[in-house]
Amino acid sequence: PAAAMETAVNLRFGEAIILKGYTLGETTRQPGDIVEVTLFWETADPLQNRYKVFLHLLDENGNLVSQRDSEPGGGLALTTTWPPGEIIVDNHGLLLPSELPPGSYHLLLGLYDLANPASRLPITTPDGEMDAYLLARIIVAE
């Protein structure tokens with residue numbers, strides 16, 4: 001887990017959640033490795049809904065090749081417990097399949113309502129609104 005934020009983004013998810021920034025482990029990995037991600041969240045208001053974080057790894061054709069969906073903190077930092085104004089440090093690991101071919105992949109991040117997984121929180125970026133944010137390009141080496 002990272003102790004400090006490497007990339008500041010200040011992206012709004014929905015009405016109240018802000019991704020202050022993130023830190024990534026190595027972005028060149030081998031099949032079977034784990035991509036390490038630390039997210040730094042904040043909420044402006046108390047949250048009534050529980051949200052899950054998703055990390056999706058897509059190939060160059062947009063096909064899902066790996067994913068991790070979990071509540072923040074591995075279920076120990078539920079969004080309904082986040083105090084407004086406090087930074088929540090949220091660590092994740094995305095397993096790369098052992099049979100994953102070498103190449104370039106996109107690592108996407110988003111949040112969805114636990115009660116309605118099809119309902120992703122909209123993300124406000126300088127380029128407009130989206131339902132998943134491109135965190136990084138992951139290179140899988142031979």
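How many aromatic pairs does the structure hold? The structure holds three. This is a predicted model. Its protein chain has 12 strands and zero helices. Ring pairs link Phe13, Trp41 and Trp82 into a cluster. Phe13 and Trp41 also appear among the residues with the most contacts inside the largest nonpolar core.

**Overall fold**

- From the N terminus on, the element order is β-β-β-β-β-β-β-β-β-β-β-β.
- The radius of gyration is 15 Å, and the globule rule gives 14 Å for 142 residues, so the protein chain is as compact as a globular protein of that length.
- Along the principal axes, the C-alpha atoms fill a box of roughly 45 × 30 × 30 Å.
- Buried residues account for 45% of the 142 residues in the protein chain.
- Take the contacts between residues at least 6 apart in sequence: 67% of them join residues at least 24 apart.
- The protein chain exposes about 7200 Å². Carbon and sulfur atoms supply 49% of that area.

**Aromatic pairs**

- A pair of aromatic rings is described by two values, the distance of the centres and the angle of the planes.
- Phe13 and Trp41 form one such pair, with 5.2 Å from centre to centre.
- The planes of Phe13 and Trp41 stand 80 degrees apart. The pair counts as edge-to-face because that angle is over 60 degrees.
- This pair links distant parts of the chain, with Phe13 and Trp41 28 residues apart.
- Phe13 sits in strand E1 (residues 7-13), and Trp41 sits in strand E4 (residues 34-43).
- Phe13 has a relative accessible area of 0%, so Phe13 is buried.
- Trp41 also counts as buried, at 0% relative accessibility.
- Trp82 joins Phe13 and Trp41 in the ring cluster.

**Nonpolar cores**

- The largest nonpolar core has 34 residues. Those with the most contacts inside this core are Phe13, Ile17, Leu39, Trp41, Leu107, Leu109 and Leu135.
- Several strands each supply at least two residues of this core, including E1, E2 (17-24), E4 and E5 (51-58). E7 (88-95), E8 (103-113) and E12 (133-140) are also on that list.
- E12 gives the largest share of this core, five residues.
- A second, separate core has five residues. Among them are Phe54, Leu58, Leu108 and Ala132.
- What does Leu135 touch, not counting residues up to four places away in sequence? Leu135 touches Tyr22, Leu24, Val37, Leu39, Leu55, Leu107 and Leu109.

**Thr23**

- Thr23 lies in strand E2.
- Thr23 has 7% relative accessibility, so Thr23 counts as buried.
- A polar atom of the Thr23 side chain lies 2.6 Å from the backbone oxygen of Ala4.
- Leaving aside neighbours within four places in sequence, Thr23 is in contact with Ala2, Ala4, Met5 and Glu6, among others. The list also includes Glu36, Val37, Thr38 and Phe40.

**Thr125**

- Thr125 is placed in strand E10 (residues 123-125).
- Is Thr125 buried or exposed? Thr125 counts as buried, because its relative accessibility is 11% and the cut-off for buried is under 20%.
- The Thr125 side chain reaches the backbone oxygen of Gly128 at 2.8 Å.
- Not counting residues up to four places away in sequence, Thr125 touches Leu11, Met130 and Tyr133.
- Thr125 and Phe13 are 112 residues apart in sequence. In space they are 9.4 Å apart, C-alpha to C-alpha.

**Ser98**

- Where is Ser98 placed? Ser98 is in the loop between E7 and E8.
- Ser98 has a relative accessible area of 60%. Ser98 is therefore exposed, as the cut-off for exposed is over 50%.
- The side chain of Ser98 makes a polar contact with the side chain of Glu99, at 3.4 Å.
- Ser98 also touches Pro31 and Gly32, not counting residues up to four places away in sequence.
- Ser98 and Arg120 are 22 residues apart in sequence. Their C-alpha atoms are 29 Å apart in space.

Terms used. Residues are numbered from 1 along each chain as its sequence is written. This is a predicted model: local features need pLDDT of at least 70, side-chain atom pairs count only at pLDDT 80 or more; totals for chains, interfaces and linings use all residues. Side-chain values use heavy atoms; hydrogens and water are left out. Rings of Phe, Tyr and Trp (its six-membered ring) pair if their centres lie within 6.5 Å; planes under 30 degrees apart count as stacked, over 60 as edge-to-face and the rest as tilted. Helices (H or I, at least four residues) and strands (E, at least two) are DSSP runs, numbered from the N terminus. Buried means under 20% relative accessible area, exposed over 50%, partly exposed in between (1.4 Å probe, protein chains only). A nonpolar core is a set of buried Ala, Val, Leu, Ile, Met, Phe, Trp, Tyr and Cys residues joined through side-chain atoms within 4.5 Å. Contact means heavy atoms within 4.5 Å. A polar contact is a pair of N or O atoms within 3.5 Å; within protein, one must be able to donate a hydrogen and the other to accept it, and residues adjacent in sequence count only if both atoms are side-chain atoms. The radius of gyration is taken over C-alpha atoms; the globule rule is 2.2 Å times the number of residues to the power 0.38. Accessible areas come from the Shrake-Rupley method with a 1.4 Å probe; for residues, only the protein chains shown count as cover.
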